[in-house]
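Dear colleague,

I am handing over the structure below, and after it you will find an account of what turned up when its charged pairs and its helix packing were examined. Please keep the sequence and the 3D view open while you read.

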Amino acid sequence: MNDGSPAHLSPQTVLGQLKQHGVTHVVWLPDSETNWLYLLMQAEPSLTLVSVPREGLACSVAAGLAAGGKVPVILVQNTGLMESGDSIRGWLFGFEVPVVFIVGMRGWNRHGAPTADTASVYTEPFLNAFRINYYLVESDADAQRITVAFNEAKKTKRPVAVLVGDEYHGFNR
Amino acid sequence: MFHTEDFLKAFKLHRGDAIVVPGRGGKHWVKMSDQPDLDLPLGDPAMGGHAAFAFGLALAQPQRRVVLFDSEGDLQMGLGILLTIAEQKPANFYHFVLDNECYATTGGQPVPNARNVDYALLAKGAGYPRTFAFTELNALTAALPDILGQPGPVFVTMKVHADVENKPINERVRWRTKSWIQVVSDLQRKLGIAA
């Protein structure tokens, strides 16, 4: 569904943020809206894409990359974020990894109306339970929030989440 | 089947300047390692994930060998990482699995299908180009120079005796001497990585 709003989040904007903040590795598992971003990232020589088959593994891979001096970002869907609880606790908080999660908000509706998909309903309570700060990004005009997230992660040595609330707005081209 | 400690003694002779993530071998390794700043004894950061962590480290430091002493219980919790490692093919990654067929730190309960899992075959099927399996220490010791001389990712599984822990957690001897933060900080300083 597309509500016709011109306020879309473009994949180029997200890629620009990754480059601006020196990201070296994207540890990820695709969600339903990121294929166009995937194609852009794949063509970007400064990025190494590391695909994982389950999101909790992204946390321990990211912790290893950070220990070795690299700058990972974790790109997953909110469903996988919630699957990753113990890995977030142990590998990211435990090792003080300043990593940004970019989280596709499956089930998100910009107008607040409920959808049949419960994934987004539980996402913010999950993040609050883990005391992970998060920033909602719905359009290119919100891109500065991604910068805020990167800066906060670096300053606090904690994971910070960017919630991509563009599920129904054509982020996948 | 042999003792983990005996294998680690044999490995130590071939370590060189490799980074070592000792996993379940940690309590033995910290007593014998003479390069502690290149060791990452982690204990139990989370349930599973040692292989993913060590793999990430290998990707970040491609010029240096990274050796992991994984366990079959930890690996079972995140078997999918074998696919990721095989896809990325880190040439500096050496993945050893200490298979004691049980959760030794919780009293020795068997892992799923404990005696019938062929981990080398799983790794091979996932795409690891070189896999090995050992039940005898002499054979493994003899093969170590060749194994470590091959480009990674290399997967080596071995049957070891279980060091079963049955004491309550707060009554166990603490073998980790450094926090996770300190362990990583020491490694980064040793490698000249700016924190």
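**Salt bridges and a helix pair**

A:Arg145 is partly exposed, because its relative accessibility is 36% and the range for that class lies between under 20% for buried and over 50% for exposed. Please bear in mind that this is a predicted model. The partner of A:Arg145 is A:Asp142, and in the salt bridge between them the closest N and O atoms are 3.9 Å apart. A:Asp142, with a relative accessible area of 13%, is buried, so this salt bridge joins a buried residue to a partly exposed one.

In chain B, a salt bridge links B:Arg15 with B:Asp39, with 2.7 Å between the closest N and O atoms. B:Arg15 sits in the loop between α1 (4-12) and β1 (19-21) of chain B, while B:Asp39 sits in the loop between α2 (26-32) and α3 (50-60) of chain B, so the pair ties together parts that are 24 residues apart in sequence. Both partners count as buried, B:Arg15 at 2% relative accessibility and B:Asp39 at 4%. Chain B also holds a network, in which salt bridges that share partners join B:Asp37, B:Lys178, B:Asp186 and B:Arg189.

Another salt bridge is found within a helix of chain A, where A:Asp86 pairs with A:Arg89 and the closest N and O atoms are 2.8 Å apart. Both residues belong to helix α5 (residues 85-93) of chain A, and they are 3 residues apart, which is about one turn of the helix. A:Asp86 is partly exposed, with a relative accessible area of 31%, and A:Arg89 is likewise partly exposed, at 40% relative accessibility. Over all chains, a search of the whole structure finds 17 salt bridges.

Turning to the helices, how do the axes of helix α1 (residues 11-20) and helix α7 (residues 144-156) of chain A cross? The two axes come within 10 Å and cross at roughly 30°, and because angles under 35 degrees count as roughly parallel, α1(A) and α7(A) are roughly parallel to each other. Their crossing is right-handed. On the side of α1(A) the contact is made by A:Gln17, A:Leu18 and A:Gln20, and on the side of α7(A) by A:Ile146, A:Thr147 and A:Phe150. The residues of this contact divide into 3 nonpolar and 3 polar, with no charged ones.

With best wishes

Conventions:
Residues are numbered from 1 along each chain as its sequence is written. Chains are lettered from A and ligands numbered from 1 in the order in which they are written. This is a predicted model: local features need pLDDT of at least 70, side-chain atom pairs count only at pLDDT 80 or more; totals for chains, interfaces and linings use all residues. Side-chain values use heavy atoms; hydrogens and water are left out. A salt bridge is a side-chain nitrogen of Lys or Arg within 4 Å of a carboxyl oxygen of Asp or Glu. Helices (H or I, at least four residues) and strands (E, at least two) are DSSP runs, numbered from the N terminus. Buried means under 20% relative accessible area, exposed over 50%, partly exposed in between (1.4 Å probe, protein chains only). Axes are lines fitted to C-alpha atoms, for helices over the stretch in contact, and angles run from 0 to 180 degrees between N-to-C directions. Angles under 35 degrees count as roughly parallel, over 145 as roughly antiparallel, 65 to 115 as roughly perpendicular and the rest as oblique. A crossing is left-handed if the near helix is turned anticlockwise from the far one by less than a right angle, and right-handed if clockwise. Contact means heavy atoms within 4.5 Å. Ala, Val, Leu, Ile, Met, Phe, Trp, Tyr, Cys and Pro count as nonpolar, Asp, Glu, Lys and Arg as charged, and the others, Gly among them, as polar.
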